[in-house]
Amino acid sequence: MLRISKRVIATMALTVPLAFGVAWSANAAEKFKLGMAVGGNTCCDWMKAQGDVARALAEKNGWDYIELSNNNDPAIALKNARIFAQEGVNAMIQFNGQPASNPAISQAMNAAKIPVVTYDIADPGMYFVGIDNLAAGVAGGEQLGKVIKEKWACNPDLVVSAEGAAAGIVNEWRTGGMRTGLKKICPDIPAEKWVSFESQGDAAVGLPAARDLLAAHPDAKKMAVVGLNDGGVLSLINAAEQLGRADEVIGWGQDGAFITGDNVNPHLAGSVFYFLEGYAVYAIRDVIAPIAAGNIPPLKAAADNPASRVEPCPVSAEQAKAVPAMAERVAKLLEAPAGTTAYSLFCPNK
Amino acid sequence: MRETTTTPVLEARHITRHFGAVVALADASLTLGRGEVLGLVGDNGAGKSTFLKILSGVISASSGEIFADGKLVQLKRAQDAMDAGIETVYQDLALVDTMSAFQNVYLGREELSSNPLARLFNLVDDRKMRSRAREVLDKLAVKIPSIDVSVKGMSGGQRQCLAIARALLWGRRIVILDEPTAALGVRETGQVLDVIRDLRNHDVSVIVVSHNMQQLMSVADRITVMRLGRSIATRSVRDTQVSEIVGLITGAIPGDAEAEAAKLAIPA
Amino acid sequence: MRLQGWGTGLTLLAVWLLLIAATGLYRPDFLSHQTVLAVSFTMSIVGVMAIGQGLVAISGGFLDLSQPAALIASSLVAVRLSEAGLPFAVVILGAVLTGMAWGFANAVIIVGAKLNPVIVTLATNFIGLAALYFAFQLAEVPLGSAIHQFGRAKLFGLPAIWWPMLALVLVVGFLIPRTRYGRRAIAVGGNRMAARARGISLKATRFAIFTAAGGFVGFAGVLFCATSGPFNPSSANALQLNVIAGVILAGISLSGGRGNFWLLLLSVGFLSTIPTALVFFGLSSDTQSIFQGLILISAVAFDGYRARRGTP
């Protein structure tokens, strides 16, 4: 019941401004127009939430807002950028999880003189807003290292990395960063104990490969698991449960997708929150709003020198209990004063 | 040769069929006596296939009546025709290549096991079907390599005989054969014709469509000729010759109704 | 007939044993209970889906490409029912009925609009995935629930989810060639015009087959969500290729009318062993996809060869 009434209110909240928007269409030409291309990969509900937050913030600012989905497809991402250009947006935000088309998008939008904010995956022609994936990886790896040091005196049988090659450099940063962080705490784990498998960043899809990896290392008992995301780490944990070998598995994920709520796997010791749903706060506060006000900020396009930096928030499973689930986070974020980030609201480990 | 004094096993009266504005069958009738072999002939487009399809329930007539054993029947589906005792053997559509001979013979009418538990699971009685199929094939002197192998490798004649034997096995009283010997060699044709003659001895009535007049004259009792969607004449084989039938088909000799009309026209 | 496909079966068995022997020689620790578990877990879900796919193929429906979306829809129902705390039997029933309803809907479109089943199921898979994306982003059975425990339990040293797969393959493989319904389905697949001329209803057959096939996908959905951990609408897409390859390798002809479902145990077992063996050979997952693609192509070629030769 509660859920339904919320949905009704949300629908009304969306339709009422829409009705006014029609009434004010005479002024539309003068209004600032923001285009948002969401990632559109069905894997992750945060991709949809990124659009919801951007829409709410744009409406608060009285801007026109157009949203398109990239459908996790590089060609569609490029097409979407061209649509935004035709529609005459004043600025554009995108999450392009298939970054192959980023150079073409960058070129097209520069030609149209439309500034672009890109999340998490850098392109030299776009404002970078997002996490430093390498730093996030290192932060998670260090936390896992501390657990390993305490429980196993830095002597695991195996360190497994759940990769997702399709994410490209982001995969390397996160899994590589986690290994680096782990090595900082436990420098003497021998090279032959580091293994990896392709999880495709999806707990269900990665499961068979995880079982195969376990079968190929039948003697490993104490296993530390790092990964591109929580889903990848979970695929190995679930596989270990099914093969009867989960007793001494400790995993630490990235992105915090499966560390909140009441269905947290006991072998997932922690994760790193980026609060991906709330990226629009950073983008609008530090890039879009200044552009709308006529103060175009300098182009900062690198992950290590970003236009706006999202802080990674490593949390243990215990700490994560205090963090609300995503739907609630979005609601609270939109209630908070303008410019308040999810990190400042929810990270228990600042 | 038998006399058709009793009620005909099958009678079709004034059958028509339109496909939109196209008239495929204008007025077709036929009568089939018990134990009789009736030939159905006509040029391409004369309406033979449409007529056959209506008699076998594959398509339905626009108007007209069909009687089986003197009773009016409605043939809306293939099953209706089968229920009326009519079995149609199409040249290409008869058999499932991937199934064995006896399975093809029993296709669509598989015998369920007599064991009540097996029946509950819808299990069939292969032993019974196999032995009865073998029996009937022997009765008609049909020679096939084995009733257990796929029919794919069998010759056209063997396949045709198998399809005909199926009719007998199922206790059909009327068998319709569409060009049964069209693609067959001499020896195989002889085999099929023997089986058709044999059907008559088992009290089965047969309608045969064929282009081969010599063959028809040797196997049929009577021949019905079709032209332009009408059945125009029926002749007893005893009283006619190939030349007359060919003349009727081509229109060189007028049909019965036309002749009648001509007779009426002369005095006027 | 009574031993239909024994040649294919022997070939499959030989190739499978060869793979096991070769991997075992290279890495003796391949021959372990852990390997058996890894293979049999993978085999279970693919095997049950392959029964459904096999039914569609043998009756001349060629392929049901909507299996991934149907599986996820059924899994989602299973998750929601177990979240509501309902008994495991109700959870299974709900998932199976969901799959059957899905198959029935496919049949309504295929029969009603007289369209090619491959195109229709390709479309319903797309539509289904999109609709599922509106319905949920992630779902997972409650940890510790009956279905979650079922996904981790063992019976006689093998996964609990493996045994229902075995039972279903054995039962379906027994019934299809020996029942009236089965034989008519095979006839429709072998020569639909001949079947129709014998009074077998093509429409009724198609409805029955797609609904039954959907039921198997629904049950596979139970096995899937019992083991998968959190899944999303597209998590089952990767299964499609293995299921189709399994059906073809088992000699269930895509042109219809021929096949022995028991051989699915060998074909799916063999296909599920390949990725595990490749890991022992130290090959990456990219090479696994290449191997699977090659095996699918050889299976299709073999199927075409058999169809031309007419070997039953």
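Select C:G85 to begin: this residue follows helix α3 of chain C and has a positive phi, near 80°. The model is predicted, so local features are limited to pLDDT of at least 70 and side-chain atom pairs to pLDDT 80 or more, whereas totals for chains, interfaces and linings use all residues. Residues are numbered from 1 along each chain as its sequence is written, and chains are lettered from A and ligands numbered from 1 in the order in which they are written.

Next, select α3(C), residues 67–83, a helix in the sense of a DSSP run of H or I with at least four residues, numbered from the N terminus. Its 17 residues should span 24 Å at 1.5 Å a residue (1.5 Å times one less than the number of residues), and the end C-alpha atoms, 24 Å apart, agree with that. Of these 17 residues, 15 are buried, meaning that 20 or more other C-beta atoms, placed from the backbone, lie within 10 Å of the residue's own.

Now select α8(C), residues 180–190, together with α10(C), residues 202–228, whose axes come within 10 Å and cross at roughly 110°; axes are lines fitted to C-alpha atoms over the stretch in contact, with angles from 0 to 180 degrees between N-to-C directions. That angle makes the two helices roughly perpendicular, a class that covers 65 to 115 degrees. To see the contact (C-beta atoms, placed from the backbone, within 7 Å), display C:R184, C:A185 and C:V188 of α8(C) with C:L202, C:T205 and C:I209 of α10(C).

Finally, show the chains: of the two pairs that touch, A and C have the most contacts, while chains A and B do not touch, their nearest C-alpha atoms being 36 Å apart.

Methods:
Angles under 35 degrees count as roughly parallel, over 145 as roughly antiparallel, 65 to 115 as roughly perpendicular and the rest as oblique. A residue is buried if 20 or more other C-beta atoms lie within 10 Å of its own, exposed if 12 or fewer, and partly exposed in between; C-beta atoms are placed from the backbone.
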